[in-house]
Amino acid sequence: MMNYVFPILLVLSFAAAAVQGRMGELSAAVIQGGQDAVSLLLRLASMLCLWGGVMEIAEKSGITRMMAKLLSPLLKLIFPSLRKEKYAMEAISMNVTANILGLGNAATPLGLEAMRRLQEINGEKSTASDEMIVFVVMNTAAMHIIPTTVATLRGQYGSTDPMEIMPASILTSVCALTIAVVVAKLGNVLYRRLPRREAKGGRRLSAVGSKGL
């Protein structure tokens, strides 16, 4: 979808600038936008290097494993069918830990590893399992205690107290995670209760299509 949206926006921007005789301003905005993007990348790079190193130290020292153990009771409640799947639960715990610390970029490879392990457990390889759906929703909600990335940007743009957003950040992320997990769980239950119909050859198809979610 985005492959169509961006070209359309680009064409409309050039058309509007040409009609209004503001091609010079458009060209300047394009150049300035490129410069701002590179500048933002450099600002974030220092933060990512710092916190990526902190995360590596935490992993080597066993801090992340300790946090994973603390999260284990909650994750077992969310993923009851994975209680005996040690490696999948460990990958999920590491991903959640990285998100809690506000390290979204560090959480990405951990999330991919967790999805790989969940796919190995998944009996229906062509359809996402309930656990995979709930995990994707959790990872997207990304509950965090330390808003590292946002605080860094606030500091770079002159905020005198970059971390003052922490209480609001924690509250909103907890609410987002709770609602996301509840909706995902309810969605999985309702999906299993949808009426089924027989397809040709006797294969059962769901009411929302043969490809699942």
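**Exercise 1. Find the handedness with which α4 passes α6, then describe the packing of this pair.**

Solution.
Step 1: handedness. In this predicted model, the crossing of α4 past α6 is left-handed.
Step 2: geometry. Helix α4 spans residues 86-100 and helix α6 spans residues 130-141. Their axes come within 10 Å and cross at roughly 20°.
Step 3: orientation. Angles under 35 degrees count as roughly parallel. Therefore α4 is roughly parallel to α6.
Step 4: residues. On the α4 side, the contact uses I92, N95, V96 and N99. On the α6 side, F135, M138 and N139 meet them.
Step 5: composition. The residues of the α4 contact with α6 divide into four nonpolar, three polar and no charged.

**Exercise 2. Determine how α6 and α8 pack, and which residues make the contact.**

Solution.
Step 1: geometry. The axes of α6 and α8 lie 9 Å apart, at an angle of about 160°.
Step 2: orientation. Angles over 145 degrees count as roughly antiparallel. So α6 is roughly antiparallel to α8.
Step 3: handedness. α6 passes α8 in a right-handed crossing.
Step 4: residues. α6 contributes D130, I133, V134, V137, M138 and A141. α8 contributes A176, L177, A180, V181, A184, K185, N188 and R192.
Step 5: composition. The α6 contact with α8 has ten nonpolar residues, one polar and three charged.

**Exercise 3. Identify the best-connected residues of the largest nonpolar core and the elements that supply it.**

Solution.
Step 1: size. The core holds 22 residues.
Step 2: hubs. The residues with the most contacts inside the core are L75, F79, I92, V96, L118 and M138.
Step 3: sources. Two or more residues each come from α3 (63-78), α4, α5 (104-121), α6 and α8 (166-192). α4 gives the most, with six.
Step 4: a close look at V96. Set aside its neighbours within four places in sequence. V96 then contacts L71, L75 and M138.
Step 5: link to the helix pairs. M138 of α6 takes part in the contact with α4. M138 also belongs to the contact with α8.
Step 6: context. In soluble globular proteins, nonpolar side chains tend to be buried together.

**Exercise 4. Summarise the chain: its elements, their order, its burial and its contact range.**

Solution.
Step 1: elements. The chain has eight helices and two strands.
Step 2: order. From the N terminus on, it runs α-α-α-α-α-α-α-α-β-β.
Step 3: burial. Of the 213 residues, 27% are buried.
Step 4: range. Take contacts between residues at least 6 apart in sequence. Of these, 58% join residues at least 24 apart.

Methods
Residues are numbered from 1 along each chain as its sequence is written. This is a predicted model: local features need pLDDT of at least 70, side-chain atom pairs count only at pLDDT 80 or more; totals for chains, interfaces and linings use all residues. Side-chain values use heavy atoms; hydrogens and water are left out. Axes are lines fitted to C-alpha atoms, for helices over the stretch in contact, and angles run from 0 to 180 degrees between N-to-C directions. Helices (H or I, at least four residues) and strands (E, at least two) are DSSP runs, numbered from the N terminus. Angles under 35 degrees count as roughly parallel, over 145 as roughly antiparallel, 65 to 115 as roughly perpendicular and the rest as oblique. A crossing is left-handed if the near helix is turned anticlockwise from the far one by less than a right angle, and right-handed if clockwise. Contact means heavy atoms within 4.5 Å. Ala, Val, Leu, Ile, Met, Phe, Trp, Tyr, Cys and Pro count as nonpolar, Asp, Glu, Lys and Arg as charged, and the others, Gly among them, as polar. A nonpolar core is a set of buried Ala, Val, Leu, Ile, Met, Phe, Trp, Tyr and Cys residues joined through side-chain atoms within 4.5 Å. Buried means under 20% relative accessible area, exposed over 50%, partly exposed in between (1.4 Å probe, protein chains only).
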